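Visitor: I would like a close look at a single part of this protein, namely its largest cavity and the strands around it. Please take me through it with care, and then place it in the wider fold.

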Amino acid sequence: MKWIKFNSLRKRYAALTLILAIIMVSVNWFAQKQMSTIQKDIHINVESRNSLFQRNREIRNTISQFRDLLAKFQIDPKNFNDQKFVSVIISRAVNHIEQLALHPWIKENYRSTISELISTLHDVDKTSQKLIKIRLTPQAVFPSLKIANLKMQPLNATFIENINLAIQDLEDNYTTADYEEYNLLIELRYHWTTMISGFRMYLLNQLNSFEESFLTNQLNRITKLQQIIKRKLTTLKKLSKQGELGFSTTVALEKIDPTAIEWFAGFNNVRKINITDKWRTDTIIYRQELEPKLEKIYSLLRILDLGIERFSKNDLTTLSNIAQLQADSIRAASIIGILILLASFIFLVKLILNPITNVTRALKDESKGIKTQIQANMSLLETKNLITAFKEMRQQIHTRQDELEYHALHDDLTGLANRKLLLDRLEQTIHNAHQERTSFSILIMDLDRFKEVNDTLGHEVGDKLLQQVAKRLIHLLREVDVIVRLGGDEFAVLLTTAQEKQAEIIAKKIINEFQMVFTVNDIPLYIGISIGISIYPQHGITAQILQQRADVAMYVAKRNKTGYDIYNPKFDKYSIGRLSLISELRLAIDLNQLFMEYQPIIELKTGRVVNAEALLRWNHPERGKVYPDEIIPIAEQTGLINHITYWIIETTAKYNKKLKESGIDIKITINLSVYNLQENDFVENIINIFKKNEISASNFIMEITESVMMTNPKKSIDVLNQLDKLGVEITVDDFGTGYSSLAYLKQLPLSKLKIDKSFIMDMIHDDDDAMIVRSTIDLAHNLGMQVVAEGIEEKENLDLLNILDCELGQGYFISHPLPDDEFETWVIKQNNG
């Protein structure tokens, strides 16, 4: 009989609940006995009312089904198999109404409403048949389509027939004198067919085939093409009056001009119809005839609903009496329940709440660090369970505190130590080195081209790459070395026992390892790494200074592309200056401090200028002229590179147009950054610049380096192919200094290879460089490309390049980069000489 002992709070509440349940069941039984008689009386009325509601719902559902099917038919009438659905559904609705009318109460009170419903449904049937007949005839539905087919299509055929006859006649008897006339007719035919195609897309859009924005674009496009066609026709008429057109063109023009005018008038009529409510006949019938009848049917059904509700009011009084009886029963049960709860409260305070208060006080002492032995009331099972749960909670808190401390000192992504832990270990190492008079090193490392990977492939790939970097560093270094992720793509290594030579060895080891490919999601990635080294105590005796100076050395290594560098005080000032340039570059754009210089590129055989390389300059108010090797890295770091590239293209486009107006026909070469090729709208923006300045893309050459090609090659190849289709030439710059493969070169639409100046400048004195130059020229020729040699600073270089069949060259021996006005004068003098 252990279960009889109430040593558990659960058992005590169960007993109390049982008592309350017995009371409530007794009260409910008494109330149910009183209500059973009343329920029998209203049962018949309830069934009758439910039958009326059911019939009314069936009528509504039938009408809704009719509207849904009619809507589907309007959307796609040809594929709608059940075109007789209207009469079938209306007949079904009439049948439901006739069944509803058989009810005695409806027959007595709503006979006229029923008759009106049936009559309105028959009207809906007739109107729907009319709508279906119209909807099955497209020209009846869309008046604008009728105009397009019966009037505008014959006009288009007349226009095309006559202009084709004129063009064919010119092609059969073509002479140089017909050049302008022939081009005008070809352009006129092109703009006309483009306009007709746009008009057809516009008609399709009226059938809801495209979005509203597409309609607006097509209207604007057709309007612009109309203006162009009118100008072409005006030009042809002027030439006709001057007697400069051939006989066939003159005859065609007499038919083409009025035909175009009449077609434009037809288009205006179509456009006027389409912006009014009359653009679809079936919509007018639906709104003005069918919709009011359906609304009337719903209104009559609402009248029936209200009548049925009035019919139900007789039962409400009875139900109110039942509710009153139930309320009295609940009130009695509540009074009894309150008395029982009052007695229970006294019981709870004495046997439950007082023991729990003692437990709470002990828990508060525990939170303050005061360990207390909590003695549970042996008669209360819940108190013992509470103490057990508290002990488990205390253990979990200690575990979580350890985890929080770990996360506070480690990077969540890579598991490496973070900046806070580095500072702590660095302070300890400085203290130990000071006591023992020893030396140690710190390496600050920054990944090369990581931002390009992140921007191109997304942060998920970037995170996975950082995790692989961490694993390589852990594999390379000793356990006593502290490997740290400082944030982003910046890492650090504290070599607690390494002096300068050992630090250099480790840095080279890291650089060599990072030259190996990383593979993330089956994508090969080459990133590289730049490392700065500072040594204690030569370069600093505090943690902050050692980190700062290793950071300066890292920037020097990154700038000079040396892989690693040891801190040198003479470069510290440059690093500060570079930070200053970063903040000033944005202002330089707004203050028009940027300008261009142009270095001529000549044919080596003839000396004639055929191209020019556009070179960016910054007229800094304090530093004077700043060159691209400083500007471009800053622009790429700050995200300004695309903005600056568009400014360069815009500036050179205007200048090239000016040169052509002066009789100088050359192509201008523009250097592209990796960030340009990764921008989604890059090609579209270039097209807009060329259109704005009314200059052809074929007047430009875009230069890319091998490293640019190798960053996301698939994306780069796609963008370069788009530029090639525009007519832009593509050249590989600094060829021979990167790590591109012939497999990628073959996929690119290249027209030229530019050999890096480091090979050209020493080729006279270095046989290896001469051999590299010769091999590169042979390679380019075998691939069907020309070769540009940069860095020609001596006549001997130029002569040797001529012997090696190098086509083009540039360098200080030929000309320094020149401002635009001096460049124009130099080219005229050079080409005339």
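**The largest cavity and its strands**

Guide: In this predicted model, the largest cavity has a volume of about 50 Å³, and the structure holds two cavities of 30 Å³ or more. The residues that line the largest cavity are I601, N611, T669, I701, E703, T731, K752, K754, V788 and L808. Sorted by class, this lining consists of four nonpolar, three polar and three charged residues, so that charged side chains such as those of E703, K752 and K754 belong to a mixed group under the classes used here.

As for the elements behind these residues, β12 and β14 each supply at least two residues of the lining. Strand β12 covers residues 700–705, and the lining includes I701 and E703; strand β14 covers residues 752–755, and the lining includes K752 and K754. In general, the side chains of a regular strand alternate between the two faces of the sheet.

Strand β13, which spans residues 729–735, pairs with both of these strands. With β12 the pairing is parallel and runs over five bridges, and one of the residue pairs is I704 with V732 of β13. With β14 the pairing is again parallel, here through three bridges, and T731 has K752 of β14 as its bridge partner. Both T731 and K752 also appear in the lining of the largest cavity, which ties this bridge to the cavity wall. Strand β13 is itself mostly covered, with six of its seven residues buried.

Elsewhere in the chain, helix α27, made up of residues 795–803, contains N797. N797 counts as buried because its relative accessibility is 1%, against a cut-off of under 20%. Apart from neighbours within four places in sequence, the residues in contact with N797 are I760, M761, M763, I764, G791 and I792.

To place these details in the whole, the protein has 28 helices and 17 strands, and 44% of its 833 residues are buried. Among contacts with a separation of 6 or more, 70% are between residues 24 or more positions apart. The accessible surface comes to about 45800 Å², and carbon and sulfur atoms account for 53% of that surface.

Terms used:
Residues are numbered from 1 along each chain as its sequence is written. This is a predicted model: local features need pLDDT of at least 70, side-chain atom pairs count only at pLDDT 80 or more; totals for chains, interfaces and linings use all residues. Side-chain values use heavy atoms; hydrogens and water are left out. Helices (H or I, at least four residues) and strands (E, at least two) are DSSP runs, numbered from the N terminus. Buried means under 20% relative accessible area, exposed over 50%, partly exposed in between (1.4 Å probe, protein chains only). Contact means heavy atoms within 4.5 Å. Two strands pair if DSSP finds at least two bridges between them. On a 1 Å grid over the protein atoms alone, a cavity is a set of points where a 1.4 Å probe fits but cannot get out, and a pocket is an open set with protein on both sides within 12 Å along at least five of seven lines; lining residues have an atom within 4 Å of a point. Grid points are joined across faces, edges and corners, and a volume is the space filled by probe spheres set on the points. Accessible areas come from the Shrake-Rupley method with a 1.4 Å probe; for residues, only the protein chains shown count as cover.
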